[in-house]
Amino acid sequence: MNRFNRSIGVMRKENWQQLIEILDEYLIYVQQDQNSTNDKINDVKLIIHKLQHYIDRPTHQSYSFNRWS
């Protein structure tokens, strides 16, 4: 019986950039929607800003604590 492999890999910088582009498009949509509140618009802007900050920071080395076990 074949098992479905659910591994999709790690998020690469290109994936993060694509996500920011999608959110930018969503921001335009939200800004044009007459029912959108300033809070909703600011929330989308904040998420975009946080993601941009996240992808701009230096990459971390991941440490495994199993080596001391």
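Trainee: In which helix is Glu21 found?

Mentor: This is a predicted model, in which local features need pLDDT of at least 70, side-chain atom pairs count only at pLDDT 80 or more, and totals for chains, interfaces and linings use all residues. Residues are numbered from 1 along each chain as its sequence is written, and side-chain values use heavy atoms, with hydrogens and water left out. Helices (DSSP runs of H or I, at least four residues) and strands (runs of E, at least two) are numbered from the N terminus, and on that numbering Glu21 is found in helix 1.

Trainee: Is Glu21 buried, partly exposed or exposed?

Mentor: A residue is called buried under 20% relative accessible area, exposed over 50%, and partly exposed in between, with a 1.4 Å probe and protein chains only. The relative accessible area of Glu21 is 48%, so Glu21 is partly exposed.

Trainee: How many Å separate the C-alpha atoms of Glu21 and Ile48?

Mentor: The protein has 2 helices and 0 strands, and Ile48 is one of the buried residues of helix 2, while Glu21 belongs to helix 1. Along the chain the two residues are 27 residues apart, but their C-alpha atoms are separated by 9.0 Å.

Trainee: How far apart are the end C-alpha atoms of helix 1?

Mentor: The expected span of a helix is 1.5 Å times one less than its number of residues. Helix 1 covers residues 13-32, and its 20 residues should therefore span 28 Å, which agrees with the distance in the model, where the end C-alpha atoms are 29 Å apart.

Trainee: Within what arc do the buried residues of helix 1 fall?

Mentor: The buried residues in helix 1 are Trp16, Ile20, Leu23, Leu27 and Val30. Seen down the axis, they line one face of the helix, because the arc, taken from the directions from the helix axis to the C-beta atoms, is 75°. The exposed residues Glu14, Glu25, Tyr29 and Gln32 sit on the face turned away from that buried side. An α-helix has 3.6 residues a turn, so residues three or four places apart point the same way, and the arc within which the buried residues of helix 1 fall is 75°.

Trainee: What arc do the buried residues of helix 2 cover around the axis?

Mentor: Helix 2 has 19 residues and reaches 27 Å from its first C-alpha to its last, close to the 27 Å expected at 1.5 Å a residue. Its buried residues are Ile41, Val44, Ile48, Leu51 and Ile55. They are on the same side of helix 2, because they cover an arc of only 95°.

Trainee: Which helix do the buried residues of helix 1 pack against?

Mentor: The largest nonpolar core, a set of buried Ala, Val, Leu, Ile, Met, Phe, Trp, Tyr and Cys residues joined through side-chain atoms within 4.5 Å, has 10 residues, among them Trp16, Leu27, Ile41 and Ile55. Helix 1 and helix 2 each supply at least two residues of this core. Leu51 shows the pairing, since, leaving aside its neighbours within four places in sequence, Leu51 is in contact (heavy atoms within 4.5 Å) with Trp16, Leu19, Ile20 and Leu23. The buried residues of helix 2 pack against helix 1, and those of helix 1 pack against helix 2.

Trainee: Which residue has the backbone oxygen that the side chain of Ser36 reaches at 2.8 Å?

Mentor: Ser36 has its place in the loop between helix 1 and helix 2, and with a relative accessible area of 16% it is buried. Leaving aside neighbours within four places in sequence, Ser36 is in contact with Val30 and Ile41. The side chain of Ser36 reaches, at 2.8 Å, the backbone oxygen of Val30.

Trainee: How many Å separate the C-alpha atoms of Ile41 and Leu27?

Mentor: Ile41 is found in helix 2 and is buried, with a relative accessible area of 13%. Not counting residues up to four places away in sequence, Ile41 touches Leu27, Val30, Gln31 and Ser36. Although Ile41 and Leu27 are 14 residues apart along the chain, their C-alpha atoms are separated by 6.8 Å.

Trainee: How far apart in space are Lys13 and Asp56, C-alpha to C-alpha?

Mentor: Lys13 has its place in helix 1 and is partly exposed, with a relative accessible area of 49%, whereas Asp56 is among the exposed residues of helix 2. The two are 43 residues apart in sequence, and in space their C-alpha to C-alpha distance is 9.1 Å.

Definitions and conventions
Polar contact = N/O pair within 3.5 Å; in protein donor to acceptor, adjacent residues only side chain to side chain.
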